[in-house]
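Dear colleague,

Please find below the structure that I am handing over to you. My notes on what was found in it follow directly after.

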Amino acid sequence: MQALEDELDVLNITMARKQAEVENSRLGIKQKEDSGWISSWFSWGNQKKDDDTGIMNQFESAMTFEEKSKLYSAIGYQENTASMTYPITFIENQITFRLHHLTVIVKDNTLNDLEVITFGLDDVRVKFEMRPSAQAIKFLSTVGNLKAYGLKSDGVLPTIINNFTKSNGQDMRLLDILVETNPLDCLCDQRVYLTAQPLEIIYHAESINRLADVFRPPKSVALKGLQEAARTKLKDIKELSATGLQHAITEHKVVDLNVIFNSSRVVIPENGNYDGNCHVFVADLGCLQMFSAVRDPNSPNLQELVREGSSETERLNEMLHQSYDRFIVKLNRMQIILAAPGDNWQNAIFQEETLLHLLTPTNINFELQKCLFMDDPRLPKMKIKGLLPSFNIVISDVKLLQLATIGLSIPIKQEDVTDDALELKIDDKIVTNKVYSDSNAIEGLTNVDSSASHELKDVQFTNVELLFEIQEMGVTIIHQKLGSSDELLTIAILQLGFSFKQCTYNMTADIYVGGMTVQHNYFQNVKGDLLYVVKTPMTEGLKEKFFILTYLSADAKSPYFASTYRSIHQLLQVHFSRLTVVLHQEAILQLMLFANNLQEKVDALQTRLKPVDSQLHTKLRRSSTRSTSSFIDFAKDVSVPQQRLKKAAKHEIDIQIYAALETFSVVICNMKSEIANIGIEGVEAGVTVQKSMTTIETSLRNIEVCDPSPKIGRASCRERV
């Protein structure tokens, strides 16, 4: 008996239990029908149970929904909970699907060979499981292989998309997907895993041009502009306390995310057709990884902060800091390679730096933070931080010619350019109605009940916060000669950053540059040191930022547009600290010679590969003239509603620009001596644009010109303006 019980599984036990319950219920009904007054005499206990059941049903029906909720909350009972009849490992439903092969063919009826592009998908498998006791589902999917072939050219079927399915002699699936809720290991509440193997995409010009022809809409189709009116609406504002934040953080479901896209590459060959012996431009997109950051187990909770004697503000700030789901995004080994016929670019991809690299392997890191509370104005809904440690480009005159060769050799389908297609057409009716409606709307603002403005709260939400910084970016220009290559120019930019914030009623963006240097490697300055053609304070080791740009765009619908933003729609502020430019005579002549030689070669290459279509340029120029004149005539027709607009918004400022330059120095010299020094200090300029007028203000504090020749005294050579 013990051996038989050990062999029984959950499914057989459950089926036997169900069958016994059904037979028992049938037997009870039969006994009730056959019983008489004697049996009813002895069944008084069962009648009592039936009476108890009836009382319970009456009691339950007499309670309201709110009363039931309070009662269930007091005794810890929950309705519609998962059935505990089965263990959490029991799988109630399982669905399996397999697709051996799928082919999608794009055809063009105008061709003899109808097939333009053929896509092939192999071995697609899907598996779906449900575990009712744990309220869990599990979705598994795999894709074996993906290939795409282009249009036949000279009897050869080109491969456009191909995946690398073998590693160490074993087949690899192209795509693996896992989506699971409430997994058995109980490490998280939701799990998403995705792994994709690399793809190789080879550009085939004829196939892409034919594919564009297939999906190009007919010329008779007229595309009309669509107008959309958007209204700003404040959402419900809920500012939670520290206790509420702690409870929400504790009850929040944990997501385990792990997404991997292995390095795919895009190959653009010369003439748009890859034959293995041509110039190629290879862009390795890098390995993209995205995974969820594990919460710090040592993060203090509210009770610990209270025991430590933290203030209310400190407790609230700590809870706000923990109110985000964090995800890490990494892009590793993104690189660009330019190879000539015979170069082994396949091996260069796996090396750190070669002569074939335009962009050396580069890594980018991002951190995404998604807020748990979308209705708290103190918390940005999304925060993104990015960091690029180094970004280096190495380019030579020979590689520039190779790039020009690839770009000019790729055939691009030329469309028939007609005068009607180039002429700018303006729908007078639509635009005129739009202008009149806008003017009427502005005039109607004065008639709006002032009580409606009190309904708007002086609160706005922050939708996105973005911060991205490149610590070091360098560009090296190499001059290649017969059998040798020399570095001509080195450009370095330090601490290039960008920040962006979008709120309900405004949008701000900041760009800053810490420092910039341009070094000429062929010559030295008068003192024998490195020749910096351009230098900033950071070149000298200072931490002062060279360039700062701030942009602000405000919405006129904001309740504090006139007070906080001073009725300015767009505000642009630019600040330069100190910039020094060295005009070295021999260095400038060398750069001019290098640029002229390169331009002559590019012009000769362009003339040979793509002669200029003079007829096309004539049509473009003639149509542009007609379009400009027609637009001027249209502007005259709608001048009346524009005047009404100016009158309504005469106090508003469309754009205000302010620029400042602390110091700008120019040194003129040659290999022997310095010729002149020019210094400009305190340059400020401001532009204010309104509907009715434009105001320009400028100021200059000092100009200094000096002859540094030792034969002339410095005091006598200085002129100030």
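Where is Phe 461 found? Phe 461 sits in the loop between α13 (428-444) and β18. Please note that this is a predicted model. Is Phe 461 buried or exposed? With a relative accessibility of 4%, Phe 461 counts as buried. Its C-alpha atom is 7.5 Å from that of Arg 378, although the two residues are 83 apart in sequence.

The chain as a whole

The protein chain has 721 residues, of which 29% count as buried. Its secondary structure consists of 17 helices and 27 strands. Taking the contacts between residues at least 6 apart in sequence, 68% join residues at least 24 apart. The chain exposes about 46,500 Å², and carbon and sulfur atoms supply 56% of that area.

The largest nonpolar core

The largest nonpolar core contains 21 residues, and those that touch the most other members are Leu 388, Phe 391, Ile 470 and Val 534. At least two residues of this core come from each of β15 (357-371), β18 (462-481), β19 (484-503), β20 (506-524), β21 (530-535) and β23 (568-584). Leaving aside neighbours within four places in sequence, Leu 388 is in contact with Thr 362, Asn 363 and Ile 364, and also with Phe 468, Glu 469, Ile 470, Gln 471 and Glu 472.

Helix α14

Helix α14 covers residues 585-609. At 1.5 Å a residue, its 25 residues should span 36 Å, and the end C-alpha atoms are indeed 36 Å apart, so the two values agree. Which residues of α14 are buried? They are Ala 587, Gln 590, Phe 594, Leu 598 and Leu 605. An α-helix has 3.6 residues a turn, so residues three or four places apart point the same way. The cover over the buried residues of α14 includes α11 (397-409), together with β18, β19, β20, β21 and β23.

The helix also contributes to the surface. Leu 583, Ile 588, Leu 589 and Met 592 form a nonpolar patch there, with about 340 Å² of accessible area together. The largest share of this patch, 3 residues, comes from α14. Leu 589 has its place in helix α14, and it counts as exposed because its relative accessibility is 51%, where the cut-off for exposed is over 50%.

Salt bridges

Side chains of opposite charge can pair when their charged atoms come close. In this model the count comes to 11 salt bridges, and three of interest are described here.

The side chains of Asp 123 and Arg 98 meet in a salt bridge, at 3.3 Å from N to O. Asp 123 lies in strand β2 and Arg 98 in strand β1 (residues 93-107), so this pair ties together parts that are 25 residues apart in sequence. Both partners are partly exposed, Asp 123 at 26% relative accessibility and Arg 98 at 42%.

Glu 200 forms a salt bridge with Arg 265, and the closest N and O atoms are 3.6 Å apart. Glu 200 lies in strand β9 (residues 199-202) and Arg 265 in strand β11, so the pair ties together parts 65 residues apart in sequence. Are these two partners buried or exposed? Glu 200 and Arg 265 are both buried, and the relative accessible area of Arg 265 is 13%. Beyond its neighbours within four places in sequence, Arg 265 has contacts that include Phe 164, Leu 199, Glu 200, Ile 201, Trp 345 and Ile 349.

Asp 654 forms a salt bridge with Lys 691, with the closest N and O atoms 3.9 Å apart. Asp 654 lies in strand β24 (residues 653-669) and Lys 691 in the loop between β25 (674-690) and β26 (694-706), so the pair ties together parts 37 residues apart in sequence. Lys 691 counts as partly exposed, at 37% relative accessibility. Salt bridges that share partners also join Arg 98, Asp 123 and Arg 125 into one network.

Backbone angles

Two residues other than glycine have a positive phi. Asp 123, in strand β2 (residues 115-131), has a phi of about 50°. Ser 567 has a phi near 60° and lies in the loop between β22 (547-554) and β23. At 15% relative accessibility, Ser 567 counts as buried.

With kind regards

Conventions
Residues numbered from 1 in each chain as written. Predicted model: local features only at pLDDT ≥ 70, side-chain atom pairs only at ≥ 80, totals over all residues. Heavy atoms only, no water. Buried < 20%, exposed > 50% of the residue type's maximum accessible area, 1.4 Å probe, protein only. Contact = heavy atoms within 4.5 Å. Core = buried A, V, L, I, M, F, W, Y, C linked by side-chain atoms within 4.5 Å. Helix = DSSP H or I, 4+ residues; strand = E, 2+ residues; numbered from the N terminus. Expected span 1.5 Å × (residues − 1). Areas by Shrake-Rupley, 256 points an atom, 1.4 Å probe, with all protein chains shown as cover. Patch = residues over 30% accessible without salt bridge, like charges linked within 9 Å, V, L, I, M, F, W, Y side chains within 5 Å. Salt bridge = Lys/Arg side-chain N within 4 Å of Asp/Glu carboxyl O.
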